[in-house]
Amino acid sequence: MKIETKYSVNDMIWFYLNGKVLEAPIYKVDIGVYESYTTIQYMVNVGISGNIKFESVKEELAFDTKQELIKSL
């Protein structure tokens, strides 16, 4: 089995979280392999002012640009 991700650690992605459009670097890539499907999620740091707060973003909800994200809504 070969699994390819759209993004890598340290890539910047755009995503929607709690009513806001945000951009953040990927901290970690989580891959789940199950009997009938595979999931890919990116962990991003959305903390402000030096605070660390990690959130998970599903691969299908991560975008290269703000325009691509807005177009998907």
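Are Y7 and Y42 buried or exposed? Both Y7 and Y42 are buried. The model discussed here is predicted. In this model, 4 strands form an open sheet, and the structure also holds 3 aromatic pairs. The points below treat the sheet, the aromatic rings and two residues with positive phi values.

**The sheet**

- The strands of the open sheet follow the order β1-β2-β3-β4, and their pairing is antiparallel.
- The edges of the sheet are formed by β1, which covers residues 12-17, and by β4, which covers residues 54-58. Each of these edge strands pairs on one side only.
- On average, neighbouring strands of the sheet are turned by 50° against each other, with direction ignored.
- Strand β2 comprises residues 20-33 and pairs with β1 in the antiparallel sense over 6 bridges.
- Within this part of the sheet, L17 stands opposite K20, a residue of β2.

**Aromatic pairs**

- A pair of aromatic rings is described by two quantities, the distance of the centres and the angle of the planes.
- The structure contains 3 aromatic pairs, among them the pair of Y7 and Y42.
- The ring centres of Y7 and Y42 are 5.6 Å apart and the ring planes stand at 80°; because planes over 60 degrees apart count as edge-to-face, this pair is edge-to-face.
- Y7 belongs to the segment before β1, whereas Y42 belongs to strand β3, residues 38-45. The pair therefore ties together parts that are 35 residues apart in sequence.
- Y34 and Y37 form another aromatic pair, with 4.8 Å from centre to centre and 25° between the planes. This pair is stacked, because planes under 30 degrees apart count as stacked.
- Y34 has a relative accessibility of 45% and so counts as partly exposed. Y37 likewise counts as partly exposed, at 45% relative accessibility.
- Y7 and Y42, by contrast, are both buried.

**Residues with positive phi**

- N10 is a residue other than glycine, yet its phi is positive, near 80°. The position of N10 is in the segment before β1.
- With a relative accessibility of 61%, N10 counts as exposed, because the term applies over 50%.
- N18 is not a glycine either, and its phi is positive at about 50°. N18 lies in the loop between β1 and β2.
- The relative accessible area of N18 is 67%, so N18 is exposed.

Terms used. Residues numbered from 1 in each chain as written. Predicted model: local features only at pLDDT ≥ 70, side-chain atom pairs only at ≥ 80, totals over all residues. Heavy atoms only, no water. Pairing = 2+ DSSP bridges. Axes fitted to C-alpha atoms, helices over the stretch in contact; angles between N-to-C directions. Phe/Tyr/Trp six-rings, centres within 6.5 Å; stacked < 30°, edge-to-face > 60°. Buried < 20%, exposed > 50% of the residue type's maximum accessible area, 1.4 Å probe, protein only.
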